[in-house]
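Student: Please take me closely through one sheet of this structure. Start with the chain as a whole, then go in, and place the sheet among the other parts afterwards.

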Amino acid sequence: MPDVVIVGGGISGVSAAYEIARAGHAVTLLEARGLAAMASSWTLGGVRQSGRDPAELPLAQAAVERWAGLDAELDAPTGYRRHGNLRLARTEAEVTVIRELVRQQGALGLAIEYLPDNAAVRDKAPAIGPGILAASFCPGDGHADPVPAVHAYAAAARRHGAVIREGIAVRRLARSGNRVTGVETQGGETIAAGRVVVATGIHAPELLMPLGQSLPLTIRLVCVMQSVPLPPLLAPVFGVANADCAGRQEIDGCLRVTTGIGDWPHDPRGWTEALLAPPSRDVAALIARTSLVLPAVADAGIARLWGGLIDLTPDALPAIDAETGLDGLVVAAGFSGHGFGIGPVTGEILADLCLGRRSRFDLSPFRLNRFAAGERPAAELTLHG
């Protein structure tokens with residue numbers, strides 16, 4: 001019997017499997033589709049500290065330090081690069097937002113600077129358009145390649161003895177009294193475990209609701225475009241003050257840009273590639289909006305278009321919790337479009353929760369019961385990272 005069963009093969013799940021396995025414990029990870037099949041492949045891949053909620057900032061700062069040595073630690077490339085993050089202002093109102101962002105985050109100890117005009121912005125990134133009025137720049141931010149990073153974690157976890165099974169969907173969590181005792185798969189298999197981690201993104205409520213656990217999620221659709229390879233244009237990740245577009249240039253030269261947050265009125269249990277295909281109006285909006293920020297987008301050949309689903313919580317912060325009232329249950333979901341960058345630290349936290357170790361982070365802002373208590377106001381998601 002494994003000590004821990006993890007449900008979900010995104011970066012949170014595989015990083016937790018790695019941390020638990022290398023601590024010498026038996027862990028099995030079950031993924032309904034393939035590794036990085038959902039949010040961890042749809043994400044832009046930003047690894048940022050800037051623009052984080054104050055509750056999440058310590059996790060992001062620690063994650064950046066983990067990313068710096070992750071290729072060597074996992075013995076595989078993650079595509080991580082630390083070339084900074086620009087958050088851009090297109091209007092005078094957005095200038096005010098950016099200036100306040102720099103003030104607040106600087107007061108929290110983040111190394112971040114205010115770029116007061118277009119010349120200062122283009123000194124950092126000459127490809128940025130002439131209409132940008134100002135920006136923040138966080139030099140410690142960066143980006144990684146999501147799918148290789150997830151597979152690097154999975155391979156390292158397997159080397160430490162983790163069992164990772166793809167194509168295995170979990171039907172429900174097994175329960176005995178006040179304890180979660182394992183999982184039951186769609187194929188009828190029962191797997192007992194001392195702890196079960198639910199790290200299934202948009203599917204988390206399906207597993208939690210029958211246990212009386214509520215994780216309110218709004219499912220949102222994002223539109224993503226990847227260009228054909230281009231000459232070097234952009235080293236930092238860029239985003240904008242109101243988070244309605246973001247982008248970066250990948251190691252192979254492709255531009256990866258995202259925008260078009262919209263409602264997705266379908267049952268998340270029945271999503272298909274066809275249902276995620278961005279409508280032509282969203283593609284046109286993506287190109288128009290990002291071209292104002294990065295003019296090269298307008299003439300870039302399109303290599304691929306796709307849509308992705310975001311598990312947005314009411315306050316745009318994740319639920320990372322083992323104090324749910326049910327022994328043996330650990331929740332890690334609702335990352336609201338910015339869980340990839342903190343993935344290495346999420347794995348560390350989940351290992352702590354599963355193994356009874358004290359976390360080095362304050363986890364109180366991420367308790368699952370905060371939604372029932374209505375402790376935090378509603379928030380919008382931030383796209384990039």
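Tutor: Two residues are in contact when heavy atoms of theirs lie within 4.5 Å. Keep that in mind for the overall picture. The model is predicted.

Take the contacts in the chain between residues at least 6 apart in sequence: 73% of them join residues at least 24 apart. The chain holds 13 helices and 19 strands. Its radius of gyration is 20 Å, close to the 21 Å that the globule rule gives for 385 residues, so the chain is as compact as a globular protein of that length. The C-alpha trace spans about 60 × 45 × 40 Å along its principal axes. Of the 385 residues, 60% are buried.

Now the sheet. It is open and built from 3 strands, in the order β9-β10-β11, with antiparallel pairing. Strands β9 (170–176) and β11 (190–192) stand at the edges. Each has a single partner strand, so one side of each is left without a neighbour in the sheet. On average, neighbouring strands here are turned by 30 degrees against each other, direction ignored. What holds such strands side by side? Strands of a sheet pair through backbone hydrogen bonds, either parallel or antiparallel.

Go to the pairing of β9 with β10. Strand β10 covers residues 179–185, and 6 bridges join β9 to β10 in the antiparallel sense. Two pairs let you trace the register. V170 has T185 as its bridge partner in β10. L173 has V183 as its partner in β10. The numbers rise on one strand and fall on the other, as the antiparallel sense requires. The hairpin of β9 and β10 has 2 residues between the strands. In that hairpin, G177 takes a positive phi near 60 degrees.

Next, one residue of β10: R179. Is R179 buried, partly exposed or exposed? Its relative accessible area is 32%. Buried would need under 20% and exposed over 50%, so R179 counts as partly exposed. Leaving out residues up to four places away in sequence, R179 touches A174, G194, R195, D327 and G328. R179 also has a partner far along the chain: L326 is 147 residues away in sequence, yet the two C-alpha atoms are separated by 5.3 Å.

Those contacts point to another sheet. R195, one of the residues touched by R179, belongs to strand β12 (residues 195–198). Strand β12 pairs with strand β19 (residues 329–333) in the parallel sense, over 3 bridges. Within that pairing, V198 stands opposite V331 in β19. Both strands sit in an open sheet of 6 strands, ordered β8-β2-β1-β12-β19-β18, with mixed pairing. Its edges are β8 (163–166) and β18 (319–321). Each of these has a single partner strand, so one side of each lacks a neighbour in the sheet. Neighbouring strands of this sheet are turned by 15 degrees against each other on average, direction ignored.

Elsewhere, look at strand β13 (residues 218–227). 9 of its 10 residues are buried, so β13 is largely enclosed by the rest of the structure. Strand β17 (residues 302–312) runs antiparallel to β13, and 10 bridges join the two. One bridge pairs C223 with G307 in β17.

For a buried residue, take S136, found in strand β6 (residues 134–138). The relative accessible area of S136 is 1%, and S136 is therefore buried. Leaving aside neighbours within four places in sequence, its contacts are N85, L86, R87, I98, L101, V102, I112 and E113.

Finally, a helix pair. Helix α3 (residues 57–68) packs on helix α12 (residues 343–355) at an angle of about 105 degrees, with the axes 7 Å apart. That makes α3 roughly perpendicular to α12. On the α3 side the contact is made by L59, A62, A63, R66 and W67. On the α12 side it is made by P344, V345, E348 and I349. The residues of this contact divide into 7 nonpolar, no polar and 2 charged.

Methods: Residues are numbered from 1 along each chain as its sequence is written. This is a predicted model: local features need pLDDT of at least 70, side-chain atom pairs count only at pLDDT 80 or more; totals for chains, interfaces and linings use all residues. Side-chain values use heavy atoms; hydrogens and water are left out. Axes are lines fitted to C-alpha atoms, for helices over the stretch in contact, and angles run from 0 to 180 degrees between N-to-C directions. Helices (H or I, at least four residues) and strands (E, at least two) are DSSP runs, numbered from the N terminus. Angles under 35 degrees count as roughly parallel, over 145 as roughly antiparallel, 65 to 115 as roughly perpendicular and the rest as oblique. Ala, Val, Leu, Ile, Met, Phe, Trp, Tyr, Cys and Pro count as nonpolar, Asp, Glu, Lys and Arg as charged, and the others, Gly among them, as polar. Two strands pair if DSSP finds at least two bridges between them. The radius of gyration is taken over C-alpha atoms; the globule rule is 2.2 Å times the number of residues to the power 0.38. Buried means under 20% relative accessible area, exposed over 50%, partly exposed in between (1.4 Å probe, protein chains only).
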